[in-house]
Amino acid sequence: MRIGEIAALVGLTTRAIRHYHHVGLLPEPQRRPNGYRAYGVRDAILLARVRRLTELGLGLDEVRDALADDAGRELTEILEELDADLARQEADIRERRCRLGALFAQPPSATGPVSPALAALLAQAPRTDSPSAAKDREYLTLLDATSTGDQETLALLGTLVGDPAIVELYERLDALAEAPTDDPRIASLAADLMAAVPEELFAAIPEDGVVVAGFKEALLAEYTPAQAEVVGLLMEAFVERGRR
């Protein structure tokens with residue numbers, strides 16, 4: 001291959017290739033009788049690696065160090081590594097397109113975008129104007145955005161969120177907005193909320209109960225005093241059950 005042909009093949013400019021020769025990153029290939037450089041498959045593989053590494057943000061000195069690790073390797077090994085890298089890129093692209101597809105299916109939202117798993121979970125939730133339900137959706141979105149809500153946990157929550165009876169529990173929590181902290185409804189609501197939680201969820205709770213540092217305090221601050229009592233009792237019960 002001539003320099004223009006290999007440049008087109010690997011997605012570089014001839015100027016970039018000449019620069020790599022100049023700085024010693026790419027060895028000079030043999031030349032044909034007419035003086036033109038003659039590039040082979042190994043040169044193309046090397047240039048493809050250089051392009052990929054520079055696209056990842058590595059400087060040329062860092063690229064040179066990375067390429068030095070490949071000295072003496074067989075062509076088959078390098079090709080297999082490139083193939084594996086392309087497979088990872090394909091998987092990443094499929095995942096990103098899946099996320100885009102989920103976004104297309106969602107109505108416009110001030111809290112989006114969310115992961116496909118959370119989008120599916122929220123789609124199961126019964127329609128309600130409950131302020132407490134709205135808070136729960138916000139907290140789930142936060143956990144999803146910070147990658148602390150794993151896919152398995154979100155799937156388990158789908159059982160809870162999709163239960164029509166959960167709306168009545170949200171409404172009972174809403175009714176405590178103006179109640180005192182010694183309201184007798186607090187303990188019974190906390191117990192009923194606990195009973196509605198799928199058993200498998202308890203295993204996902206860390207032993208110390210800390211999902212994200214400071215999250216518990218921030219969560220309780222969002223509720224009125226009586227509501228915070230309910231949520232606090234629920235969180236304590238969660239941790240206790242998770243330790244068993």
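Helices α3 and α4 are oblique to each other, because their angle falls in none of the other classes (under 35 degrees counts as roughly parallel, over 145 as roughly antiparallel, 65 to 115 as roughly perpendicular, and the rest as oblique). The axes of α3 (residues 41–55) and α4 (residues 60–68) cross at roughly 135 degrees and come within 10 Å. Axes here are lines fitted to C-alpha atoms, for helices over the stretch in contact, with angles from 0 to 180 degrees between N-to-C directions. The crossing of α3 over α4 is right-handed, meaning that the near helix is turned clockwise from the far one by less than a right angle.

On the α3 side, L46, R49, V50, L53 and T54 take part, and they meet L60, V63, A66 and L67 of α4; contact means heavy atoms within 4.5 Å. This contact of α3 with α4 has 7 nonpolar, 1 polar and 1 charged residues. Ala, Val, Leu, Ile, Met, Phe, Trp, Tyr, Cys and Pro count as nonpolar, Asp, Glu, Lys and Arg as charged, and the others, Gly among them, as polar.

A word on the model: it is predicted, local features need pLDDT of at least 70, side-chain atom pairs count only at pLDDT 80 or more, and totals for chains, interfaces and linings use all residues. Residues are numbered from 1 along each chain as its sequence is written, and side-chain values use heavy atoms, leaving out hydrogens and water.

Now to the other helix pair. Helix α1 (residues 3–10) packs with α2 at about 105 degrees, the axes lying 9 Å apart, so α1 and α2 are roughly perpendicular to each other. I3, G4, I6 and A7 of α1 make this contact with T14, I17 and R18 of α2.

| Contact | Nonpolar, polar and charged residues |
|---|---|
| α3 with α4 | 7 nonpolar, 1 polar, 1 charged |
| α1 with α2 | 4 nonpolar, 2 polar, 1 charged |

Y39 is worth a look too. This residue lies in the loop between α2 and α3, and at 4% relative accessibility Y39 counts as buried (under 20% relative accessible area; exposed is over 50%, partly exposed in between, with a 1.4 Å probe and protein chains only). Leaving aside residues up to four places away in sequence, Y39 touches M1, R2, I3, I6, I17, H21, L26 and P29.

Overall, the protein has 12 helices and 0 strands, where helices (H or I, at least four residues) and strands (E, at least two) are DSSP runs, numbered from the N terminus. Buried residues make up 36% of its 244 residues. The mean pLDDT is 78, on the predictor's per-residue confidence scale from 0 to 100.
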